[in-house]
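Student: I would like a close look at one part of this model, the ligand site and its surroundings. Please take it step by step.

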Amino acid sequence: MSTIKKIGVLTGGGDCSGLNAVINGITKTAINKYDLEVIGYIKGYSGLYKNEFIPLNLKAVSGIMHEGGTILKSSNRDNLFNYYMKQPDGSVVHKDVSDVAIENMKKENVDALVIIGGDGTLTSARDFHRKGIKVVGVPKTIDNDLPATDMTFGYNTSLENIVDALDKIHTTAYSHERVMVVEVMGRNTGWLALEGGIAGSADVILIPEIPYDLLKVKAKVDEREARGKNFTVIVVSEGATQVGGGVVIRETIEDSADTQRLGGVGEVLTRELAALMPYKEVRNTNLAYLQRGGIASQFDREIGLRFGVHAVDCLMTNRNGVMVRYEGRDVNEVDLEKVVGKGVTGETSKGGAKYVDPNGQIVHAAKSIGISFGD
Ligand code: F6P
């Protein structure tokens, strides 16, 4: 029999569709099945640190299942184990303020946490567990780059958004006989570009796992021209690199667990291709945050809800320090120690994230129908 009477929930990292489905699953299971009290910390770990929260009751989660984003708001800053503090003289210090969070939990009689996020957020979840807090993690990211789960929620809706955009881009590509470059997210992995690109009938897909040669991309456009296909749609992942080149960094955010923000490779590629082919109009579209928002797909609602339910079941049966995950068609759990702290940008090169296999089935299928990877 569990001693847990009250749980706290938070959403950290970049938002995505399906977060509200998880919150819905957690809250209803906690209340209906276990008669628990639930609160939601506002803006990720910031809420835990500042003790800012809202009650999560049946009314609070009513009608949120399909909505994108998170009713609890989110932040990809505020690592409480290495908290960024700007001093009055402008200098910066980093402090471990996790004990403040633990004190806040005690004050509110919160017995356990459900922490929803990507690698950075779940690494802190692991660290709270190491300090004796009962924690269950729920894996979230549109990038689908977390190892140990076949799928994260949010990924499927983003794919739908990408495919919808590619369908629209095709009409302009065709009508104006243009080369259309479309940049998508994914950090250092190419899942969104690959699976979105295939379904959206891209002609070229450039992903971090397969460095591209600009001349091969040009050759694909030329080959299409020669066949009377006077337009080409190129999907490029934000983390894609040219052979021997590096990633394009949009921004560095010092107080984030993942300091590097990628972005801008589409613009660079567009410029370089246009210089190589003055006979074609080349245009760039960066899907940016359009691919992260919106009504959640059926899959993300279902998996998000099931993750939420399972997270509470885990806590109430003494399985904590774990991350729920999707395996085959089942939801089960795995130790946080085994799966986090490995996948943030900058560490992915050490092999921590879940990458696209350049020799795997999906790339094989794409190449079989003539999609170029610029290799
Ligand atoms: O991890 C999700 C993600 O959307 C990445 O695909 C992207 O690189 C990053 O977050 C963008 O972060 P931000 O919201 O800080 O710009």
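Student: To set the frame, how far apart do the C-alpha centres of domain 1 and domain 2 lie? Then please go through the ligand site itself.

Tutor: The model is predicted. Its chain is divided into domain 1, covering 6-153 + 296-344, and domain 2, covering 157-291 + 357-368. The C-alpha centres of domain 1 and domain 2 lie 32 Å apart. In the contact between them, 15 residues come from domain 1 and 17 residues from domain 2. The ligand lies between the two domains, because domain 1 and domain 2 both give residues to the shell around it.

As for the site, the ligand sits in the largest pocket. The residues around the ligand include Asn76, Thr141, Ile142 and Asp143, and also Met185, Gly186 and Arg187. Glu238, Arg250, Arg261, Tyr289 and Arg292 belong to this shell too. By class, the shell divides into 3 nonpolar, 3 polar and 6 charged residues.

Individual polar contacts can be listed by residue. A polar side-chain atom of Glu238 is 2.5 Å from an oxygen atom of the ligand. For Arg292, a polar side-chain atom lies 2.8 Å from a ligand oxygen atom. Gly186 takes part through its backbone, where a polar atom is 3.2 Å from an oxygen atom of the ligand. On its own the ligand has 400 Å² of accessible area, and the protein covers 86% of that.

Terms used. Residues are numbered from 1 along each chain as its sequence is written. This is a predicted model: local features need pLDDT of at least 70, side-chain atom pairs count only at pLDDT 80 or more; totals for chains, interfaces and linings use all residues. Side-chain values use heavy atoms; hydrogens and water are left out. A residue is near a molecule or strand if one of its heavy atoms lies within 4 Å of it. A polar contact is a pair of N or O atoms within 3.5 Å; within protein, one must be able to donate a hydrogen and the other to accept it, and residues adjacent in sequence count only if both atoms are side-chain atoms. Accessible areas come from the Shrake-Rupley method with a 1.4 Å probe; for residues, only the protein chains shown count as cover. On a 1 Å grid over the protein atoms alone, a cavity is a set of points where a 1.4 Å probe fits but cannot get out, and a pocket is an open set with protein on both sides within 12 Å along at least five of seven lines; lining residues have an atom within 4 Å of a point. A molecule sits in a cavity or pocket if more than half of its atoms lie within 2 Å of its grid points. Ala, Val, Leu, Ile, Met, Phe, Trp, Tyr, Cys and Pro count as nonpolar, Asp, Glu, Lys and Arg as charged, and the others, Gly among them, as polar. Domain bounds come from an automatic or database domain assignment. Contact means heavy atoms within 4.5 Å.
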